[in-house]
Amino acid sequence: MITRRSALMAAVATSALVAGPALAEDPIKIGNVMPYSGPASAYGTIGKTINAYIEMTNAKGGVNGRQIEFISYDDGYSPPKMVEQVRRLVEQDEVTALFQTLGTPTNTAIHKYINAKRVPHLFLATGAAKWDDPENFPMTMGWQPSYVVEAKIYAKYIMDNMPDAKVAMLYQNDDFGKDYYNGFKEGLGDKVDMLVAEAPYEVAAPTVDSEVINLKASGADVFIIIATPKFAAQAIKKSAEIGWEAQRFLTNVSLSVGGVLKPAGFEASKGIISAGYLMEEGDAQFADSPELLEWREFMAEWYPEGDVTSSFTVFGYSVGATIVHTLEMAGDDLSREGILAAAASLKDYDAPLLLPGILINTAEDDFAPIEAMQLQKFDGESWKRFGEVITVD
Amino acid sequence: MATSEENMTGGPAIPRAAAASAKKSGSSLGTIVLAVLVIGAVILPFASKNFFIFQMTQVMVYAIAILGLNLLTGINGQFSLGHGAFYAVGAYTAAILMEMQGVPYGWTIPIAGVLCFVAGFLFGLPALRLEGVYLALATFALAVATPQLLKLSPFEHWTGGVQGIVIIKPDAPFGLDAVLNPDQWLYFFTLVIGLFLYWLARNIVGSRTGRALMAIRDNPIAARSMGVNTAVYKATAFGISAMFTGVAGCLGAIVIQFVAPDSFTFALSVALLVGLVIGGVGWLPGALLGALFIVFIPNVAEDISKGLAGAFYGFFLIAVIYLAPQGAGGLIRSGLARVKRML
Amino acid sequence: MDLFIQQVVSGFATGGIYACMALSVVMIYQAIHHLNFAQGEMAMFSTYIAWQLLAWGLPYWAVFPLVIAISFVGGFAVERIVFKPIENAPVLSHIVIFIALFAIFNSFAGFIWDFTIKAVPSPFGDGPLYPGAPIGTHQAGMIGVTMVVLVMLWAFFRFTRMGLAMRAAAANPDSARLVGVKVSMMTALGWGMASAIGAVAGVLIAPVVFLEPNMMLSILLYGFAGAVLGGLTSPAGAVLGGFLVGIIENLAGTYIPVIGGELKLPIALFLIVAVLLIKPAGLLGRRTVQRV
């Protein structure tokens, strides 16, 4: 490990001497890779939303008088393809920064390369905790709250409010699910016995019915669902159908009302608790919020074929605004160093569609932009937030 | 069922006599083409950007993998939808040996080759009882199961579980690093191994073993009655094929510098099969054309339309099969036959 | 014991999904003696058409036959347009065309209807079959429909001239041609029928697993597995195979420690391959004699 790290540092040091590509008055090139095809193609919506946001920004005059060129490629969620596409972006298209590259395994594949090349690797679309490591990977920065943080919020809530609970957990057997699983156990600490049953499922599985039945048989009275939208909807529907009266918790990834709870059935979804950081279309509390109104106008004008009930369009808009804000903060210094410095010094930035009270803060030793969430309960029609905004470090 | 299964995979494969005499008849032209290709391949890394060198290295890696599949399908008549599994075994062998055991990358290649031969042989033993659609299902199942096996928690200690393993990119050895950057070095490294494996594949085809394999393909029952031990030969064919593909996986891991279960999904096996058919079943050089197709055509499709990239890729596939129903190999064969007739 | 029964019943319900798809696999196998890797995507596409018609306000029982008809014509057209010109190409080239069709249908579905999951209504209601049952009324209804399709398919192959001609055309095209069977037309009709059965499967499966472009990815594999396990030449075998796969999978996931949950699919597939080694034609399939 030591040799590896020093090798990396040496690589970083040598390539630092190489100057970045010419950064004159041409457009600012921002590179991105998303799974537009393949089994994870649902996430492609984020890329399309960002593209629309950048188009809107350019139509309004760009950033500091310069246009933004958003170059987004498809990797089909395959790490080798991600490496190829990122090398294309860096070596052929000569982008100034990478932004919102999606997926944990895919970003891990380019983590070292991109840091050795000294290209800012900003606001990744993954909730793994490892992106907040400025000491070893000074180019890479996440955006959303990490999965581990969210899992710890649930663990704390359960220990505080239902100390005698028996917890069962359904999780996707990949980096996303494992992060929650480990984070939740960490959060329980010496009360780890509260977790009485766990069931991993494969993304390739047709249904999770069998797992839900097994978890119910454990006698648990708390059911945590760490699943991507399709499986989350199945688990919600099935648990209601078999009459399992457990308090259910649902990962933030699947809290979309239109994309998960509505298909699963509002009645079946009643009482679910989740933690959020973004607003949601169809949420009664924000029906007249100016931020959501603005977002709806954006969707109607710039991304009319997009789905307003999908949480990915909200996500894409908010993170798109964050990169544009970062470029604005960089001012005239739109070099790689300038953009990175701006990204690492965001102060109380209230990105659009963030829940009230949640702000983006970064520093040279803090590469985790959003670190706060708020618990919310589904009342059968929309989410009702409760309690304080919770910040976890 | 027998009637339809016979041409299941055989199709345009190398005729026995032709393969045996391939060295004589096509040798002069073949040698010239090969020489031109090799010279071009040597010049290329000094005339292009690192990114293109990297892409061409990937092409060679996939070409080796397809070559392995070609040996199985074209020469033995068996067919596999699951060769991504052997590619994965090779890749993980490289990653685990290099990053956990500190084995130099050069040594991981023969080790991966041997391991994959054994894995392929063992898989081939039961698989040889299955034919046609049944073999298709068994290998399809292998491909789908691969990522799940790779992240199995009891082995997480070695495989890195869902997180995978990051590999350090090797520099050129023997002071060559002054002349060659790592991308150029890996390119030549892959080129040399690729040429060696191509030579090996040619020799296997022409050898006694190769002839026995083709006899089994053309008429299994007759071969059996002539005393060819079909079981051992078929399993050996699977082993050899897996060995080639495994070496490709090993090289692929070193080039990409990362292995994870998500790298070896069913899509990889499908891509290899597509490369095989596009290049031409039973025509060994076709592997290179097939590899070019699977590396570059998805990018072309994506340039045309982001939303419909998959559809355009599909249209390209159909177009190629229409133009060359037996792949590039078939096209070249019929072209050559026409030229000969005219002469 | 309670858990055991629950898992068996639930496996039976999930197995109904596989059985449904397996019937479609058997149908295409009878027509072309092959597995069609685009079968699942075609079924998914049919399901989207059904969803769209429902969203436009058509009543369910009008949509159901309409989608079956559209799918029949669609499957027939795919064979005529895509496969007719390369009738004589080797089988591996056909497999590549299946892969191409897979990509095309998947890509168009995502492009037209987006990737957000969609709920498809069930004609059988969505409550449990009885309070606390591991099987819903919809799944019970689905199994019933599967049985109806099974009987129809069996009767078609057993009693109709066309069924016999279709089997002959696929099993031995040359001889069939000699006795006056229009082989090429039989193939196209087989495609149409397989596509129609696939549509029934898709419309019945979607309420359980939710509709999205990748819905059929793994279900097709289970359908193959069920069909192969039961015997590709036997519709009844395919349905039996589908149910068995569902039950085996659930029991493996529940009772095999450590790796059971993570590997229930590979374990189920491994068992199937093991069965095939002993009974290569599947449980109810007819053993074909090989001619030398």
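This report walks through chain A, then the chain contacts, then one helix pair in chain B. Keep in mind that the model is predicted.

**Chain A by itself**

Let's start with chain A, which has 13 helices and 11 strands. Laid along its principal axes, the C-alpha trace of chain A spans about 65 × 50 × 35 Å. A compact globule with 393 residues would have a radius of gyration near 21 Å, and chain A agrees, with 21 Å. As for burial, 60% of the 393 residues of chain A count as buried. Now take the contacts in chain A with a separation of 6 or more: 69% of them come from residues 24 or more positions apart.

**Where the chains touch**

Two pairs of chains come up here, A with B and B with C. In the pairing of A with B, 28 residues of chain A are in contact with 25 residues of chain B. On the chain A side, helix H1 (2-16), strand E2 (68-74), helix H3 (79-92), helix H4 (104-116) and helix H6 (175-188) each chip in at least two residues. H3(A) has the largest share of that side, 8 residues.

Over at the other pairing, 45 residues of chain B are in contact with 43 residues of chain C. Four helices of chain B each supply at least two residues of the side touching chain C: H1 (2-9), H7 (132-150), H13 (266-279) and H15 (309-323). Of these, H7(B) gives the most to that side, with 11 residues.

Here is how the residues of each side divide by class:

| Side | Nonpolar | Polar | Charged |
|---|---|---|---|
| Chain A, touching chain B | 10 residues | 7 residues | 11 residues |
| Chain B, touching chain C | 33 residues | 11 residues | 1 residue |

**A helix pair in chain B**

Finally, look inside chain B at helix H4 (residues 50-76) and helix H9 (residues 182-206). Their axes come within 9 Å and cross at roughly 15°. Angles under 35 degrees count as roughly parallel, so H4(B) is roughly parallel to H9(B). The crossing of the two, H4(B) and H9(B), is left-handed.

Which residues make the contact between H4(B) and H9(B)? From H4(B), they include Ile53(B), Phe54(B), Met60(B), Ile64(B), Leu67(B) and Leu71(B). From H9(B), Leu186(B), Tyr187(B), Leu191(B), Gly194(B), Leu197(B) and Tyr198(B) are among them. By class, this contact of H4(B) with H9(B) has 18 nonpolar, 5 polar and 1 charged residues.

Technical notes:
Residues numbered from 1 in each chain as written. Chains lettered and ligands numbered in written order. Predicted model: local features only at pLDDT ≥ 70, side-chain atom pairs only at ≥ 80, totals over all residues. Contact = placed C-beta atoms within 7 Å. Nonpolar A, V, L, I, M, F, W, Y, C, P; charged D, E, K, R; others polar. Axes fitted to C-alpha atoms, helices over the stretch in contact; angles between N-to-C directions. Parallel < 35°, antiparallel > 145°, perpendicular 65-115°, else oblique. Left-handed = near helix turned anticlockwise from the far one by under 90°. Rg over C-alpha atoms; globule rule 2.2 N^0.38 Å. Buried ≥ 20, exposed ≤ 12 C-beta atoms within 10 Å, placed from the backbone.
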